[in-house]
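Thanks for coming, everyone. I'll put the model up and then walk you through a few parts of it.

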Amino acid sequence: MKSTLLSAAVLGIFAGAGTAQDRPELVVYTYDSFVSEWGPGPIIEPLFEATCDCDLKLVPAGDGAAVLSRLQLEGQHSDADVVLGLDTSISGSALASGLFTAHGIALPELNLPVDWNDPIFIPFDWGYFAFVYDTTRLSHPPTSFTDLRNVPDSFKIIIEDPRSSTPGLGLLLWIKQVFGDDADQVWADIAPNILTVTAGWSEAYGLFLQGEADMVLSYTTSPAYHLIAEYDDSKAAAAFVEGHYMQVETAAILKSSDQPELARQFLEFVLSDDFQAAIPTTNWMYPVRIPVSGLPSGFDTMIVPTKSLLFSNGDAANVRDEALAEWIAALAR
Amino acid sequence: MDRRFGTLIMASNRALVVLGWTALALITSVSFGSVLAVAFVGDWNHGFPIGALSSLRFTLLQAGISAVICVVLAVPLSRALACRSFVGRRSLVTLLGVPFLLPALVAVLGLLSIFGRSGPVSGALVYFGFQPLNIYGLPGILLVHFFFNLPLVTRLILQGWSDIPSEQFRLAAQLDMRGANFFWSLEWPMLRRVLPGAFLLVFLLCTTSFAVVLTMGGGPKATTLELAIFQALRFDFDLSAAAQLAFLQVLVCGFSVLAVALVQGKSAFGTTLGSFHNRSDGDGTWRLIADCVTIIAASAFLFLPIISILFTGLPALISGLPNSVWLATFRSLLVALTSSVLTVFFSLVIAQMLNTRQDLKTRFAEIASYLPLAISPFVMGTGLFIMINPFADPFALALVVTVIVNTCLCIPLALRGLIPAFAKARQRYGRLALSLDLHGWTAFRVAFWPEIKQPVRFSAAITAALSMGDLGVIALFATPDGGTLPLLMQRLLASYQMDAAAGVAALLLILSFGLFWFIDRGVRIGH
């Protein structure tokens, strides 16, 4: 008896807990940090379940790019009804995969610096890419890419690889949009200042916090985390006069969903105050609708770029491969 | 005679041989099958991935140099450890296991806290008016790979030193054999037998190294096949390209295994009464100083980063980690112990099978046992996903898949210790057992077990500890409440929880090493 119980327990651990089958289930694929204890997941899940009489299953599948490749692997047979967290730099490829269907929701007025009328992807938060530095170690950060191109070689930055990380891809598109055909020259000029190129944001940010480099590619809102959660005001984002490239994170409904109505209901929830109010201090990004309670204090001290840059879905997909080839050529020299 | 002894045992246990081949077939099909699965699903309209050849060149370069440096520098270190006896030597040898068990990112951050731009080494350089140390690029990759693999190779060679019969040392002393003579007649045959295998192991491990190469590499100059595979899977979603690159990787690794098999010295263990070593070649003052310097320098290099990891993580560890940590710890321990038991079982079965005969078929089987190390973990994860998805929910099987992959990856490591141990037992006690008419289980218990006990413990220890720390493929399968410790650490990092992540890293280090110590040391206490 005892051994039966034990093996049942072990089996249970291996197989994962079963789920209640009496309520409809909505499966949402998203990136890892969304569902972590510090992410928005644990806050929004009960809020949505209270209104939908359904079981919301948030499934983390790695980072944004991993979520998409997993959906592509599963194709039509995917259990997913909704995907949450594809950003604008990969939504072009997502669109081309033909896995998604129109949301059919009339968008309310959005707190986005760019116009948004995409029929498939609904934005849920956004931010600007920026180089973050430590004010106690760097008093005069570069204020433009032109500055950055002329800093001495001993000035070091850490960036992420565009092939494995969204900020990395964001920087690629940022420089491409500002400099167009001269982008490769810009990369060649800043190449000596690139200390290293990491696989993901965590590695880069970790190295930066350990004091390895003067600046790290992150978000304009990163200092808000240190300010609000750690009462540390020593981190700041360098404002670049050329403008800052944006990251808009989106949600979309899978064509293969067996719960299209519930999925639509979830997307409407994504735009609601309940969901949006959870974003700033969990994802450390801007919500697409300002919550009734306003943005948390501290967000007002973040830099506001003078110019917001963003390729449309189609353009991003078109320039991506060319920009990547230029990047590799310039840095491999 | 020897062969007859092996056959003798097996004749009574035909089933064991079948089991051996089945185990080998299993790991081969999991590793190679996953490549085939990826190839099968891929869309073969795109041609051969461009840039593959330049990434192949860099892969070979970094893995080759890493392996050479490790092997060359592990010789003096293991020799110093073999010649000298001092208080804490046993603990030091066990502690050497630590670096190998660290998750890549933890090791990188630990090393950078010492050798990075704001580490003490750079601090000293700047103080004396030099530029801070910049190790990014090939030197950084080599440094981290050296840090990871030096201890492993040292352990393997250390085993080799202790396999030289003490009678030979006494004979050498009687003949007043010194210097080069001593080296060529006693030490070189052992090195020729052990070093090629050690080289190969490090070479293969470095071939599929990903996070280290990317973080330390400094940019796209350092593009390896593994990164190209990652790009094909994630960035381009071109499965056919990923499969071709994976085939290329298998091909390269296959060739290197074959090449090494050709130069590797035959295993020849002299008979011994097994008395303790009393080496006569370490008398000179200069040798003593050199050995001391070697041991102290290596310890400083290996342990300073580890101490730094512990100290960074200690505050979070003491002030309390999130609750999810403890469940993840339990899951990690479960995975680690299950993988360890399976690995030891399969490795023993395979090793005894390989020991039975020395024909072409078994040589081929031995070479095939390296295969899992040649497969990119990304391809293995994706392939398993493709294979499981039509039949079961991959999420539900996350931990099972993790155990399978860990076992597949650890069997080649375990075999490197077990195959020579079995061969040694056969050569030393085969005839004796035969003449005493020992069979089956009795022969195994009396003749084999004493010789293989230690390698078995070491294999079990290293598998358990590695499976604690290995992120492997679980990221592709894990559910929010089903992650292991390394995955949790990754998630903490991605949520700005750097302090908690450091705490988890320290916990992981303590647990991995605790397991390793407990399993590896148990044997010697019982000696």
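Before anything else, one term: I'll call a residue buried if 20 or more other C-beta atoms lie within 10 Å of its own, exposed if 12 or fewer, and partly exposed in between, with C-beta atoms placed from the backbone. Second term: helices (H or I, at least four residues) and strands (E, at least two) are DSSP runs, numbered from the N terminus. With that in hand, take helix α18 of chain B: eleven of its twelve residues are buried, so α18(B) is largely enclosed by the rest of the structure.

Now the housekeeping. This is a predicted model, where local features need pLDDT of at least 70, side-chain atom pairs count only at pLDDT 80 or more, and totals for chains, interfaces and linings use all residues. Residues are numbered from 1 along each chain as its sequence is written, and chains are lettered from A and ligands numbered from 1 in the order in which they are written.

Back to α18(B), residues 377-388. The buried ones include Pro377(B), Phe378(B), Phe385(B) and Met387(B). The expected span of a helix is 1.5 Å times one less than its number of residues. For the twelve residues here that should give 16 Å, and the end C-alpha atoms are 16 Å apart, which agrees.

A second covered helix in chain B is α12, residues 225-235, where eleven of eleven residues are buried. Charged side chains are in there too: Glu226(B) and Arg234(B) are among the buried residues. For contacts, I mean two residues whose C-beta atoms, placed from the backbone, lie within 7 Å. So what do the buried residues of α12(B) pack against? They pack against α3, α11, α13 and α18 of chain B, and also against α4 of chain A. Just after α12(B) comes Phe237(B), which has a positive phi near 45°.

One more spot in chain B. Ala461(B) sits in helix α20, residues 440-469, and counts as buried because it has 26 C-beta neighbours inside 10 Å. Leaving out residues up to four places away in sequence, Ala461(B) touches Leu515(B), Phe516(B), Ile519(B) and Asp520(B).

Over to chain A. Its secondary structure comes to 13 helices and twelve strands. The radius of gyration, taken over C-alpha atoms, is compared with a globule rule of 2.2 Å times the number of residues to the power 0.38. Chain A has 21 Å, close to the 20 Å the rule gives for 333 residues, so it is as compact as a globular protein of that length. The C-alpha trace spans about 70 × 45 × 45 Å along its principal axes, and 52% of the 333 residues count as buried. Of the contacts between residues at least 6 apart in sequence, 79% join residues at least 24 apart.

Look at strand β1(A), residues 25-30: five of its six residues are buried, so the rest of the structure largely encloses it. Two strands pair if DSSP finds at least two bridges between them. β1(A) pairs in the parallel sense with β2(A), residues 55-60, over six bridges, and Val28(A) stands opposite Leu58(A). β1(A) also pairs in the parallel sense with β3(A), residues 82-87, over three bridges, with Tyr29(A) opposite Val83(A).

In a regular strand the side chains alternate between the two faces of the sheet. In β9(A), residues 235-238, Lys235(A) and Ala237(A) on one side and Ala236(A) and Ala238(A) on the other are all buried. β9(A) pairs with β5(A), residues 122-134, in the antiparallel sense over four bridges, and Lys235(A) is the bridge partner of Asp134(A).

How do the chains meet? 43 residues of chain A are in contact with 47 residues of chain B. On the chain A side, α4(A) supplies the largest share, six residues.

Last, confidence. pLDDT is the predictor's confidence in each residue, from 0 to 100. Chain A averages 88, with 94% of residues scoring at least 70, and chain B averages 81, with 90% at that level. Residues 1-20 of chain A stay under 50, and residues 523-527 of chain B are below 50. Where pLDDT is low, the predicted coordinates should not be read in detail. The model as a whole scores ipTM 0.80 and pTM 0.85.
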